[in-house]
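User: I have a model open on my screen and would like to go through its fold and contacts with you. Could you take my questions one by one?

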Amino acid sequence: MAIEAAKKGMDSGMGGPFGAVIVRNGEVIAVAHNEVIGTHDPTAHAEIVAIRRATAKLGRFDIADCEIYSTCEPCPMCMSAIHWAGITKLYFGADRHDAAEGGFDEDYIYQLMSGTADSPLLRPEIVDKQECADLFKAWNAKPDRTMYCEKQSQ
């Protein structure tokens, strides 16, 4: 299904050769393909679109009881989204090296994340640190807050 979704996305001009399927207890919850080109959204990778559809369908942000199938090893953004969604089972076909051969080279991002490369385009600068840090104090004091990341910090 993920392969067919990827082909559909490519054929329709919506995006690159990527497809993803989210399954829960043997039932398909969401099918998606890359939509970056068609939506002009750089975050509309197949895995992200599938997660958005699955969480909307299930009515919750934690889909830890689901698994995801992808035509390719997820990029760092998609891997983070999979982690934040609570998904612990990932199946993929092609790997990052296959993707690089197709013009989707994420190696630079992996280098940035590991601290072995600098970005000539992105120059982070800390501003309003105290006011922004105070938001976390206010969050911690909020009695009705819903935590959505603590389970995965191990």
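Here are the questions and answers, starting with the overall fold.

User: Happy to start broad. How many helices and strands does the protein chain have, and in what order do its elements run?

Analyst: Please keep in mind that this is a predicted model. The C-alpha atoms of the protein chain fill a box of roughly 50 × 40 × 30 Å along the principal axes. The chain has seven helices and four strands, and from the N terminus the order of the elements is α-β-β-α-α-β-α-β-α-α-α.

User: Which residue in the turn between strand 1 and strand 2 has a positive phi?

Analyst: Let's take the pairing before the turn. Strand 1 (19-24) and strand 2 (27-33) are antiparallel, with six bridges between them, and Arg-24 stands opposite Glu-27 of strand 2. The two strands form a hairpin with two residues between them, and the turn residue with a positive phi, about 50°, is Asn-25.

User: Strand 1 has another neighbour, strand 3. Which residue of strand 3 is the bridge partner of Val-23?

Analyst: Strand 1 also pairs with strand 3, in the antiparallel sense and over four bridges. Strand 1 is mostly covered, with five of its six residues buried. In strand 3, the residue bridged to Val-23 is Glu-67.

User: Moving along the sheet, what handedness does the unit of strand 3, helix 4 and strand 4 have?

Analyst: Strand 3 (residues 67-72) and strand 4 (residues 89-94) run parallel and are joined by five bridges. One of the bridge pairs is Cys-72 with Ala-94 in strand 4. Together with helix 4, these strands make a β-α-β unit, and its handedness is right-handed.

User: Is Gly-86 buried or exposed?

Analyst: Gly-86 is found in the loop between helix 4 and strand 4. Its C-alpha atom is separated by 8.4 Å from that of Cys-66, 20 residues away along the chain. The relative accessibility of Gly-86 is 5%, and because the cut-off for burial is under 20%, Gly-86 counts as buried.

User: Now the interior. Which helix gives the largest share of the largest nonpolar core?

Analyst: In soluble globular proteins, nonpolar side chains tend to be buried together. Here the largest nonpolar core has 24 residues, and Ile-22, Ile-51, Ala-54, Ile-63, Ile-68 and Ile-87 touch the most other members. Strand 1, strand 2, helix 3, strand 3 and helix 4 each supply at least two residues of this core. The largest share is six residues, and it comes from helix 3.

User: On to charges. How far apart are N and O in the salt bridge between Lys-7 and Glu-4?

Analyst: Side chains of opposite charge can pair when their charged atoms come close. Lys-7 and Glu-4 are three residues apart in helix 1 (residues 2-11), about one turn of the helix. Lys-7 is partly exposed at 39% relative accessibility, while Glu-4 is exposed at 51%. Their side chains meet in a salt bridge with an N to O distance of 3.7 Å.

User: Asp-41 and Arg-52 also form a salt bridge. How many residues apart in sequence are the parts that this pair ties together?

Analyst: In this salt bridge the closest N and O atoms are 3.7 Å apart. Asp-41 lies in the loop between helix 2 (36-39) and helix 3 (46-58), and Arg-52 lies in helix 3, so the pair ties together parts whose separation in sequence is 11 residues.

User: Which residues are joined with Arg-24 into one network by salt bridges?

Analyst: A search of the whole structure finds eight salt bridges. One of them is between Asp-65 and Arg-60, at 3.0 Å from N to O. Asp-65 is partly exposed at 36% relative accessibility, and Arg-60 is partly exposed at 30%. Through salt bridges that share partners, Arg-24 is in one network with Arg-60 and Asp-65.

User: Last one, on the surface. What accessible area do Phe-61, Trp-84 and Tyr-148 have together?

Analyst: Trp-84 sits in helix 4 (residues 76-85) and counts as partly exposed, with 43% relative accessibility. Phe-61, Trp-84 and Tyr-148 form a nonpolar patch on the surface, and their accessible area together is about 340 Å².

Conventions: Residues numbered from 1 in each chain as written. Predicted model: local features only at pLDDT ≥ 70, side-chain atom pairs only at ≥ 80, totals over all residues. Heavy atoms only, no water. Patch = residues over 30% accessible without salt bridge, like charges linked within 9 Å, V, L, I, M, F, W, Y side chains within 5 Å. Areas by Shrake-Rupley, 256 points an atom, 1.4 Å probe, with all protein chains shown as cover. Salt bridge = Lys/Arg side-chain N within 4 Å of Asp/Glu carboxyl O. Buried < 20%, exposed > 50% of the residue type's maximum accessible area, 1.4 Å probe, protein only. Pairing = 2+ DSSP bridges. Right-handed = clockwise from strand over helix to strand, strands pointing away. Core = buried A, V, L, I, M, F, W, Y, C linked by side-chain atoms within 4.5 Å.
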